[in-house]
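Trainee: I'm new to this one. Could you take me through one part of it closely, and then show me how that part sits in the whole chain?

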Amino acid sequence: MGITDKDVIYEDNHYIAINKRAGDIVQVDTTGDKSMEEMVKEYLTAKYDKPNGAFLGVIHRLDRPVSGMILFAKTSKGLDRMNRLFHDRKVSKTYLALVRNRPPRKADTLKNWLLRDRKKMITKAYDREVKGGSFAELDYEILGELDGYYLLQVNPLTGRTHQIRCQLAYMGCPIVGDNKYGYPRGSLRRSICLHSRALRFVHPIKEEDTLLTAALPMDGFWEKFNVLL
């Protein structure tokens with residue numbers, strides 16, 4: 001499947017934001033599956049009739065089984081400036097996660113040290129500083145409960161690989177479908193119930209406060225949680 005107009009959340013001269021489907025990869029990997037980078041490039045090339053192809057810069061990534069907001073740059077100027085905002089932590093990221101186990105508190109800040117196991121391709125969390133580990137911090141809040149599932153709003157304050165998946169699992173609340181981090185069953189759709197909901201930043205070229213929001217997937221499951229938002 002390629003990118004169509006309905007997948008586009010926002011577009012201006014410098015950026016395009018897409019509502020990523022769970023299961024899509026952002027950049028080419030060893031699977032050889034078609035990446036979002038290629039699909040968005042093809043979409044822009046066709047839309048603006050660019051015979052030599054469109055420029056597209058990858059600003060940030062989402063894990064393959066995660067859905068939601070992902071922002072690409074359409075110009076090198078836009079890419080450089082947005083990379084700086086991400087590096088300086090001037091972009092606020094909001095995620096939505098579904099868990100079965102009720103978190104110990106209604107809202108809390110989780111602080112851990114994360115260590116990446118490159119052989120197993122998983123991240124491990126610790127309460128204390130560990131050699132080679134990276135400090136990770138996130139805020140979460142329970143938005144509500146429906147049919148035995150708890151909807152959490154998660155704001156990562158650092159950007160570590162698998163951070164949200166790992167820290168929620170370490171708290172005793174693995175994300176629904178995420179058997180890599182302890183949920184009892186994996187998803188047949190190669191997805192986990194983690195959705196990149198919003199990005200907020202001061203537009204580095206227009207200098208305007210910008211809030212981009214990605215609708216929940218219409219997959220027969222996620223959309224029923226709209227009543228809690």
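Mentor: Sure, let's look at residues 14-169. The C-alpha atoms at the two ends of that span lie 37 Å apart, and the span is 20% helix and 38% strand. Keep in mind that this is a predicted model. Why pick that stretch? UniProt lists residues 14-169 under "domain: Pseudouridine synthase RsuA/RluA-like", in an unreviewed entry.

Now zoom out to the chain as a whole. There are three helices and eleven strands in the chain. Reading from the N terminus, you go through β-β-α-β-β-α-β-β-β-β-β-α-β-β.

How is all that packed? Taken along the principal axes, the C-alpha atoms fill a box of roughly 55 × 40 × 35 Å. The chain's radius of gyration is 18 Å, which agrees with a compact globule, because a globule of 229 residues would come out near 17 Å. As for what is tucked away, 49% of the 229 residues count as buried, meaning under 20% relative accessible area. The contacts add to the picture: take those between residues at least 6 apart in sequence, and 62% of them join residues at least 24 apart.

Last, the outside and the charges. The chain has an accessible surface of about 12,100 Å², and carbon and sulfur atoms account for 47% of that. Counting charged side chains, you get 38 positive and 29 negative ones, with the centres of the two sets 5 Å apart.

Conventions: Residues numbered from 1 in each chain as written. Predicted model: local features only at pLDDT ≥ 70, side-chain atom pairs only at ≥ 80, totals over all residues. Heavy atoms only, no water. Helix = DSSP H or I, 4+ residues; strand = E, 2+ residues; numbered from the N terminus. Rg over C-alpha atoms; globule rule 2.2 N^0.38 Å. Buried < 20%, exposed > 50% of the residue type's maximum accessible area, 1.4 Å probe, protein only. Contact = heavy atoms within 4.5 Å. Areas by Shrake-Rupley, 256 points an atom, 1.4 Å probe, with all protein chains shown as cover. Lys, Arg positive; Asp, Glu negative; His and termini not counted. Charge placed at Lys NZ, Arg CZ, Asp CG, Glu CD. UniProt positions renumbered as here; feature names shortened; annotations may be inferred.
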